[in-house]
Amino acid sequence: MTPVLGLMVAQNIAFYVIAAIMVLAGLRVVTTNNVVHAALYLVVVLAGVAAQFLILGAEFIGVTQVLVYIGAVIVLFLFGIMLTRAKIGREDVTDHTGAVRGAALFTALLLTAVTVYSVLDWFRDVELPTETRTTTAQVSDSIFSQYIVAFEATSVLLLAALIGAIVIARKE
């Protein structure tokens, strides 16, 4: 199948616009002082990821991204914030200035450079197959047959995390 030139340009423009919004929202996740605002910026990032999947034609993964991460994980974050009654706003204990922020920025840039180099080096000559498509039925068959142990282990882990959050949130 030969891609239509105009559609590819529109997809590329949409991809870069969404990616720019995701980067800005991601920066606000780690720079805002309000925990609730950080969670809401994280919603923007996760919605951008879902939109990227939809642009790439992976509708199942895009919808799953919305249902699982935005619908469940973010709601769990917000419940956790409300249950723990975390202080909203600036905190002297966790707010760092000057040298600490510079060291954190340097470390983040160094880790980004190492990650980009590793990914580019690892996938140098690898090309994705363009003709093969995985259907939702194939994905569900894989999850509930080949990867059932990992799926169940993840479910138990998430349940344990939820129970642990409730135990920590309770005062007595």
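User: What makes the nonpolar surface patch here, and what is its area?

Analyst: In this predicted model, Leu76, Leu159, Leu162, Ile163, Ile166 and Val167 make up a nonpolar surface patch of about 530 Å². Helix H6, which covers residues 148–169, gives the most to the patch, with five residues.

User: Okay, take Leu159. Why is Leu159 called partly exposed?

Analyst: Leu159 sits in helix H6. Its relative accessibility is 49%. To be exposed a residue has to be over 50%, and to be buried it has to be under 20%. Leu159, at 49%, falls in between, so it counts as partly exposed.

User: How many salt bridges does a search of the whole structure find?

Analyst: Just one salt bridge turns up. The partners are the side chains of Arg124 and Asp121.

User: What makes Arg124 and Asp121 a salt bridge?

Analyst: Here's the general idea: side chains of opposite charge can pair when their charged atoms come close. For Arg124 and Asp121, the N to O distance is 2.5 Å. The cut-off is within 4 Å, so this pair qualifies as a salt bridge.

User: And how exposed are those two, Arg124 and Asp121?

Analyst: Arg124 has 58% relative accessibility and counts as exposed, because that is over 50%. Asp121 has 36%, so Asp121 is partly exposed.

User: How many aromatic pairs does the structure hold?

Analyst: There are two aromatic pairs. One of them joins Phe15 and Tyr16, with 5.5 Å from centre to centre and 85° between the planes.

User: Why are Phe15 and Tyr16 called a pair, and what kind of pair are they?

Analyst: Ring centres have to lie within 6.5 Å, and 5.5 Å fits, so the two rings pair. Planes over 60 degrees apart count as edge-to-face, and 85° passes that, so edge-to-face is the right name for Phe15 and Tyr16. By the way, Phe15 is partly exposed at 33% relative accessibility, while Tyr16 is exposed at 58%.

User: How do you know what kind of pair Phe144 and Phe151 form?

Analyst: Try the recipe again: the centres of Phe144 and Phe151 are 5.3 Å apart and their planes are at 75°, so this pair is edge-to-face. Phe144 counts as exposed at 54%, and Phe151 counts as partly exposed at 34%.

User: Last one: what does the chain as a whole look like in helices and strands?

Analyst: The chain has six helices and zero strands. Of its 172 residues, 10% count as buried.

Key: Residues numbered from 1 in each chain as written. Predicted model: local features only at pLDDT ≥ 70, side-chain atom pairs only at ≥ 80, totals over all residues. Heavy atoms only, no water. Helix = DSSP H or I, 4+ residues; strand = E, 2+ residues; numbered from the N terminus. Buried < 20%, exposed > 50% of the residue type's maximum accessible area, 1.4 Å probe, protein only. Patch = residues over 30% accessible without salt bridge, like charges linked within 9 Å, V, L, I, M, F, W, Y side chains within 5 Å. Areas by Shrake-Rupley, 256 points an atom, 1.4 Å probe, with all protein chains shown as cover. Phe/Tyr/Trp six-rings, centres within 6.5 Å; stacked < 30°, edge-to-face > 60°.
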